[in-house]
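Please look through the sequence and the model shown here, and then follow the explanation below step by step.

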Number of protein chains: 2
Amino acid sequence: MREVCIIGVGMTKFSKNDLHFREMGREAVWTAIKDAGIDPRAIQIAYAGHARTGQLLGWECGVGQAILWDVGINKIPISSVGNFCCSGTIAVREAWLAIASGLYDVALAVGVEKLTARRGKGRPLTSDGIELERGIGFTPPAFFAMVARRHMELYGTTREQMAAVSIKNRRLGALNPYAQYQQEVTVEEVLSSPMVVDPLTLYMCCPTTDGAAAAVLCAKEVVKKYTDRKPITIAACALQTGSYADSAGDITIDEGTIRAGQEAYHTAGIGPEDVDVAEVHDCFSIAEILHYEDLGWCQKGEGGPFAERGYFDLTGKVAINPSGGLLSKGHPIGATGVGQITEIVWHLRGEAGARQREGARVGLTHNAGGFKDADAASVTVTILKS
Amino acid sequence: MREVCIIGVGMTKFSKNDLHFREMGREAVWTAIKDAGIDPRAIQIAYAGHARTGQLLGWECGVGQAILWDVGINKIPISSVGNFCCSGTIAVREAWLAIASGLYDVALAVGVEKLTARRGKGRPLTSDGIELERGIGFTPPAFFAMVARRHMELYGTTREQMAAVSIKNRRLGALNPYAQYQQEVTVEEVLSSPMVVDPLTLYMCCPTTDGAAAAVLCAKEVVKKYTDRKPITIAACALQTGSYADSAGDITIDEGTIRAGQEAYHTAGIGPEDVDVAEVHDCFSIAEILHYEDLGWCQKGEGGPFAERGYFDLTGKVAINPSGGLLSKGHPIGATGVGQITEIVWHLRGEAGARQREGARVGLTHNAGGFKDADAASVTVTILKS
């Protein structure tokens, strides 16, 4: 298949705001196009990733068409893609496949979500298709609290170690002008913040967020025809769906993440030790600990102590979530995956400002979605190279 | 790009029923897999097309995962795609691109919708993002009534000519065990059926329908490895978004259909005269008349008289909607495009029973969606060859 690279990225500040999704999408798309230095008319196909605009806003289709119309782009193929919390990465992935097929040279991916539209709506925000589980309170925080308790039991992971993840991500988020939260927190503040589901406190859970992010992709062999921008190569973009049955024996193992990681490492011809910087799906601090382990940066059970020792800080062995992650930057579902890729592109270009991972050459994003119990969990792992 | 073909198809009877979308999806997918004669484990990636499961059922994501779980397929990439009434064709198209890229050899596309879930819900079924238009009653029947009136004014098209489309499609639907309506109608019955929006009577409008359809795609170069089934080649699969601005001067022209058709004919290396059999998007009988013209089977304005003269009957110059079309077979949004492709595959294999277009070698599907006024209209044209 043809090599594909990213030539432009853009995102809004992630926040709670009063903007229409079209306004956020327009800002992200326009920024990405300007960043790529291309004529908007060069874009030949586009995908929009979103997961809740149908139920929250009545826009189940046409999200991409509306956003692109607002930036003056139409008469090209535009479709919606969705896959729970990794919908944004799916938009990038479909754009990547469309170019890889040889049918298109330049594609755009935009991810967007307007989660504050939940205000006044009674339904809890959870995964589709888990009517039974939702009814008895088995929402994502409840699931990850179970995971945390089991991890504590099996490996001696402590509340302080989970807090260390939140502290790191808040410290990094304070350096990121695009993050929803830009204030550092202390271990006392994390542990004494309101309990959501024991042992997860409020500061161990990602917030409700609005936002949009976009990326322009181009076939590597024709980049020079369109822009002088340094291309960032997509070395792998793996998507795997999980199987609850396979990890039910041990909920501290996310076998979908393991499979997606293995596929991505294999395709890119690298190992976990080669990754300089990564954005991983820290919807809860315990999730980030799991991902350290399941993506191969430490052994199972070592995530907590390693987090506490600064192994995953900006200057650690591998910099995890320099953007502040979902915990600080926020988690506007459809936008999250594209936002992760945007952050990694900035690092690989040396444009990440105060939170730059020095000398970053290889970056990874891990974006997960869905609910394991519904056998609908999806995991993407993308590897980018400068 | 690699050549891709269809090796298996399947669909439920389109109807109003009490089945869960998972049950319908399972039946369609399982039928397609058996039809392909492959091991379900050969499927490497899947896409689910749906347009209203989020707003009607609370399933905005995970539709494909749920259906495939029910047939014993998991741990593969599965995503949702949406693009209004052409969502089903988008599922096929993304599967086609995924194989064309070289990353996968075998892919599955499933389309599904459960429109009877509208029962008891007040909101009219219309396109997303047209809050203003919907509020003043500018729903799809209203739009197509305007088109019809203008076509009558410009070209002298008559109510009887529009009725001729309904009569033909009902006559063909009566031969199709998968069609929602299997009763013929007379010109008097069509014209005296309840008026929806003048001049469109009830029998000139497609009904509310539940259903699912599925297709198995395979890289042509490796078909023999998987099955002895005769492969049907995807010679083209064009997707274009429309622009209201460009057709606002004359609403009887669907310039999105013209562009998608031109792209598909060019890619396939054929012209309209080479098509033996086609399924076109007859959401209203006037729409089918427009598509005759915009897809090049007659000149603008000739659609009405040509329909009346039997030009598009089963034994006519080109057989249009041998399945009975949306008017008879029904229109379960996400399933429609995959159902159209299923019908054409049957014709190209000589398996269409009483409604078989004799000697069919080249088939076409035209699946349109969205609302022109929101600049979100999307049109797909797919060309299949035996």
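**Two chains around an axis**

Of the residues of chain A, Ser101(A) comes closest to the rotation axis, its C-alpha lying at 1.8 Å. That axis comes from superposing chain A on chain B, which takes a rotation of 180° with 0.0 Å of shift along the axis and gives an RMSD of 0.0 Å, where the fit is made by least squares on the C-alpha atoms of residues with pLDDT of at least 70 in both copies. The two copies are therefore related as by a two-fold rotation axis.

Before going further, note that this is a predicted model, in which local features need pLDDT of at least 70 and side-chain atom pairs count only at pLDDT 80 or more, while totals for chains, interfaces and linings use all residues. Residues are numbered from 1 along each chain as its sequence is written, chains are lettered from A and ligands numbered from 1 in the order in which they are written, and side-chain values use heavy atoms, with hydrogens and water left out.

How many residues of chain A are in contact with chain B? There are 51 residues of chain A in contact with 52 residues of chain B, contact meaning heavy atoms within 4.5 Å. Because 100% of the interface residues of chain A are also interface residues in chain B, the copies meet through the same surface.

The size of an interface is often given as the accessible area lost when the parts come together. Here the area buried between chain A and chain B is about 4,100 Å², with carbon and sulfur atoms giving 51% of it; buried area is the accessible area (1.4 Å probe) that two parts lose on being put together, summed over both. Glu60(A), Cys61(A) and Lys75(A) supply 17% of the area that chain A buries against chain B, which is more than any other three residues.

As for polar links, 26 residue pairs between chain A and chain B, both residues at pLDDT 80 or more, are in polar contact, that is, they have a pair of N or O atoms within 3.5 Å, where within protein one must be able to donate a hydrogen and the other to accept it, and residues adjacent in sequence count only if both atoms are side-chain atoms. The elements giving two or more residues to this side of chain A include β2 (45-49), α3 (63-70) and β8 (232-241), and α4(A) gives the most, with eight residues. Helices (H or I, at least four residues) and strands (E, at least two) are DSSP runs, numbered from the N terminus.

Strands also meet across the interface, since β3(A) and β3(B) (residues 78-82) run antiparallel and are joined by three bridges, and two strands pair if DSSP finds at least two bridges between them. In this pairing Val81(A) stands opposite Val81(B).

The rule for salt bridges, a side-chain nitrogen of Lys or Arg within 4 Å of a carboxyl oxygen of Asp or Glu, finds zero across the interface of chain A and chain B, although the count over all chains comes to 36. Arg171(A) and Asp313(A) form a salt bridge through their side chains (3.0 Å, N to O). This pair links distant parts of the chain, 142 residues apart, with Arg171(A) in helix α7 (residues 159-173) and Asp313(A) in the loop between α13 (303-308) and β10 (319-320).
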